[in-house]
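Work through the exercises below with the structure in view. Each task is followed by a solution in steps.

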Amino acid sequence: MNISLNKAGDLEGRLTVAVSPADYAEKVEAKLKDYRKKASIKGFRPGMVPAALVKKLYGQSALVDEINHLLGHAVSDYIKENKLNLVGEPLPAVEEADAIDWEKDTEFTFHYDLGFHGDFTVDLAKIKAINSYEIKADKKEIEETIENLKKQFGDQTHPDAVEDRDLVFGTFTQGDWVEKSAIPMHAINDKSKKVFIGAKKDDTLKFAIDKVFVDAKALALATGKKEDEVADLTGEVSFVVEDITRQVPSELNVSFFDKVLGAGKATDEKSFREQVETIVTENYKREAEYLLRIDAEKAILDAVKIDLPEKFLRTWLIRINEGKFTAEQIDQDFDNVKKDMRWNLIKNEIAEKFDVKVEYPEVVEKAKDMVRAQFGGYLSSNEPGIEEMIEKIAMGYLSDKSKSDNFMNLYNQAFADKVSAAIVANVPHKVTKIDVDKFKEIAAAL
C-alpha cells in the first residue's frame, strides 16, 4: 500500500492511497473460505458449496468490505503518525471512487481531500487583563430574597372565598363534556376575574370559556387539551368550585429556617439572615465567575488567530449534512461555525497544556448533579436512601442504550468546565467591586 500527501498550500491537501492485490488478496480469500463454511444455499450441503459459486455470489462484497477496512485504518494511522493539523474529516473523492470497476480492477487508487488549520499558540499570561467582578449583596437584595423564600416555602391554606392569585379547583360542564380542572387566577384575564373573586366552595360559575383566559395556552392547561384544539371550546360553560388553595407566605420561624437551610442551620432570625446573605453572595460569585469565563473566551478568541480552510469547510459542511442545508444557508452561519471550530482547537490546546482530564467518576457526579437539579428542592440529601436513589437514576441515564450520547454530552460538559477553570486560574484579570444593579446591567448586555 502506498500513501502520499500532496499539499495545495498550507490549508488544503489531497491524500492518495494506492491499494494492490498484495494488500487485500489473502484476507479476501480467507473471508470467502469463511463464507463457504457458513453459506446455506439450496441444493448444497453446508460447507460443500463450490468455491467458484461462493466467489461469484460474495466475492465483490468481500473485496469492498476488506478494502474499506484497510482504507479506514490506513488513513487514520497516516494522520496520527504525521500529526496532521486536520479540521473536519477527510472527504473521499466521490467521482473517482464511483469510476472504479469492482469486477475487473485489481489495482485501486483512492483520494481524500483534507483541510488543515494554521499553526497557533495559546499563552494565557499574555492575554489582555479582563475584569473580574466582586459583588456585595445589599440589604435590599437580602430582603427581596427572604420575601421570595417566604412565598416559595409558604403554607397552603383553603380559604372560604376566592381572591386574586388563588388556585381554584373544580369541574367544567358543557353538554356531554365534563372536565375536572385547576385554574390559577393569574390565568384569568383582569376583565373576567370578577366572575371568580368571592366565589365559595360548591358555587356554580357560568362564563364564556373562550373569553375568560389570558391566552390559548392558559385555556389548554386548564382544560387538559392541546393548544391547537382549544379553538373548538366556545360558548357558556358551568364551573362548580370544589376547593380553593392559597399560598400563604411563611413566618420567620425555626420551621421555615429548617425548610430553607436544613435542620438546625439557623436558630433565630439574625443567624438566618446571615446565612441568606452568605448564600446570595456565593450565588453572585458563581454568576461573576460565569461572566469572567465568557469575557475570557472573548479575549482569547480575539488574541489567538487561527487560519482555517474555508473552501474545504464549506464543502465538508454540505457533505456531512447530506443535503439538509444549501450553500447559501451554510454561508449565513459560517462565521459562527468558524468561531466554534477555533474555540474547540483552543480548548484542546489549553487542555493539553494544563493536563486537563476527565475521569469516569467525574461524569457520574455530573449526572447526579443533573438529577438533583431536575428534582429541585424536593430532594434532601439528609433523607435516608436519597443519595442511593440519585445515583441509581444517574447511572440509568448514563447507561441508557437508546441515548448513547448521554455519557459523551456530560463528559463534554465536565471537560468544558475544567478547561474554563484552567482559563480563569491563569488568565490575567483585575477585580472590580460593583453593586448588584450594576452587575445585572453588565450581565444583561451580553
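The exercises that follow deal with salt bridges.

This is a predicted model, in which local features need pLDDT of at least 70 and side-chain atom pairs count only at pLDDT 80 or more, while totals for chains, interfaces and linings use all residues. Residues are numbered from 1 along each chain as its sequence is written, and side-chain values use heavy atoms, with hydrogens and water left out.

**Exercise 1.** State how many salt bridges a search of the whole structure finds.

Solution. Start from the definition: a side-chain nitrogen of Lys or Arg lies within 4 Å of a carboxyl oxygen of Asp or Glu. The search of the whole structure gives 26 salt bridges.

**Exercise 2.** Locate the partners of the salt bridge between Asp113 and Arg14, and classify their exposure.

Solution. Step 1: the N to O distance is 2.9 Å. Step 2: Asp113 belongs to strand β4 (residues 108-116) and Arg14 to strand β2 (residues 12-19), so the pair ties together parts 99 residues apart in sequence. Strands (E, at least two residues) and helices (H or I, at least four) are DSSP runs, numbered from the N terminus. Step 3: buried means under 20% relative accessible area, exposed over 50%, and partly exposed in between (1.4 Å probe, protein chains only). Asp113, at 25%, is partly exposed, and Arg14, at 27%, is partly exposed.

**Exercise 3.** Do the same for Glu134 and Lys433.

Solution. Step 1: their side chains meet at 3.9 Å, N to O. Step 2: Glu134 is in strand β5 (residues 130-135) and Lys433 in strand β11 (residues 429-434), 299 residues apart. Step 3: Glu134 is partly exposed at 41%, whereas Lys433 is exposed at 67%.
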